[in-house]
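Welcome, and please load the model in your viewer. We will take it stop by stop, selecting a few residues each time.

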Amino acid sequence: MKHDHQGDGVDQGRRGMSRRTLLGSGGVALGLALAAPGAASGSGLADGVRASGERQAGVARPRVPQPHLLLAVFEIVGDPSPLLAALGSRILDAAAGDHPALGGLDPGDLTVTVGVGPRLVAMNHPGSIGSEALPPFPREEIDDLHRDGDLVLQICATDPLLPALVLALLTGSQPQLRERWRQRGMRGGAVPVRRGHAAARNLLGFVDGVAVPTSPEELDDSVWIDDGPAAGGTLMVVRRIEIDVARFGALSVPAQEAVIGRRRASGAPLSGGGRAADVDLQAKTADGRYRIPVDAHVRRAHPRPAGVPLMLRRSYSMDDPLGLLFISMQRELSTFSRTLERMSESDALLSFTRTTASGSFLVLPGFDKARSLGSTLFGSGRR
Ligand code: HEM
């Protein structure tokens, strides 16, 4: 089996579902070559982010998401194939630093990830993966403009100037595109979790992005679609979640930790062990209480009781509105929806949140000069 996850490799202390023991010596060598996970801003460059390949960038590479993000959702008017082909070639130019609108700025670790919405997929491939929209969930306050959409562009970079500039150069003079909404996001300094993997603190002060798939085997198990015209793609879920940070911050630290199920300072699970330890849902205190409270976020969101694989979360904090731009990648939509159903029953964290935008998108397979963006689903776009 081929893998193009650059920098995948040594991965210790992950949950039992992984098959990390299968890693060959090649993977180990790559892992050792990785930058230290604490070096957030350098991590993308160390990973050598490529725009082209079997899989798009911005999902599993770079391993540690870059500090700045701009995400935008559009409607597409007319035939998507020429538009996607043109977008793909502009992305290749931007990532190579070749586009005049970059003003000579170094693209560095820039990544652009393109996904298409359920309406477009259903029109061309009814009933296939990516054609299904998310159902409504409790605690949503989402108008029509902020629900679903035909196209998502996720643009990430270490240089804070790049995302808005790149969005403008990708979408300029494209009469087929109507922007619906956009959201800026940022990540705090990298908090090392395991070799080759780092998370970041969110606006609640908690380390976020700890329990995620990282090895090639884990990513194959739960993230990458492996057959059909969408092979090499994945499903992205985006949720703009506003958080009442003042009300959460007014709780005592132990009360905050009970809401999340991990220690605030260290990120360690309340069930014991270090930051990288798996959450143990069975662990009990001497007087018989669960160490991870019944309504703690990590219990309600845990994949095992939901019967789903572990999703890849690569969320960003938001400054306006204050909250979390939740972004997850998974090969099946039910991984997300079953998890949120279980959370909606009793997750203590949800009472501090309201969701004001939402969408699911099929992240297209990778592309290059010979295979244009979207061609396996919508045709080559050449006339
Ligand atoms: C305001 C919104 C949210 C915040 C602040 C938040 C924060 C966190 C934190 C701090 C952790 C523990 C550290 C980690 O493993 O990353 C966590 C874990 C997790 N969260 Fe969230 N989260 C939010 C919303 C969501 C949503 C909407 C979902 C999916 C429906 C979700 C799914 C998960 C999963 C699957 C885990 C890992 C559980 C485990 O296996 O240990 N979270 N989240």
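**Stop 1: around the ligand**

Begin with α11, which gives four residues to the shell around the ligand, the largest share. Helices (H or I, at least four residues) and strands (E, at least two) are DSSP runs, numbered from the N terminus. This is a predicted model, where local features need pLDDT of at least 70, side-chain atom pairs count only at pLDDT 80 or more, and totals for chains, interfaces and linings use all residues. Residues are numbered from 1 along each chain as its sequence is written.

Now select β7 (207–208), β8, α9 (297–300), β11 (322–330) and α11 (333–346): each of them supplies at least two residues of the shell. Which residues come nearest to the ligand? Of the 29 around the ligand, they are F206, V210, A211, A301 and L340. A residue is near a molecule if its C-beta atom, placed from the backbone, lies within 6 Å of it. Colour the shell by class and you will find 19 nonpolar, six polar and four charged residues. Here Ala, Val, Leu, Ile, Met, Phe, Trp, Tyr, Cys and Pro count as nonpolar, Asp, Glu, Lys and Arg as charged, and the others, Gly among them, as polar.

**Stop 2: the sheet with β7**

Stay with β7 and add its sheet, an open one of three strands in the order β5-β6-β7 with antiparallel pairing. β5 (190–194) and β7 stand at the edges with a single partner strand each, so one side of each has no neighbour in the sheet. Strands pair if DSSP finds at least two bridges between them; β5 and β6 (residues 197–201) have four, in the antiparallel sense. To see one of the bridges, pick P192 and its partner A198 in β6.

**Stop 3: β3**

Next, select strand β3 (residues 151–157), where seven of seven residues are buried, meaning that 20 or more other C-beta atoms lie within 10 Å of a residue's own (12 or fewer is exposed, in between partly exposed; C-beta atoms are placed from the backbone). L151, L153, I155 and A157 point one way, while V152, Q154 and C156 point the other.

β3 pairs antiparallel with β1 (residues 68–76) over seven bridges, and L71 stands opposite Q154. Strand β2 (residues 111–116) also runs antiparallel to β3, joined by six bridges; look for V114 opposite L153.

**Stop 4: D226**

Finally, go to D226, in the loop between α6 (216–222) and β8 (234–243). Why does D226 count as exposed? Because it has 11 C-beta neighbours inside 10 Å. Add R331 to the selection: D226 and R331 are 105 residues apart in sequence, with 8.7 Å from C-alpha to C-alpha.
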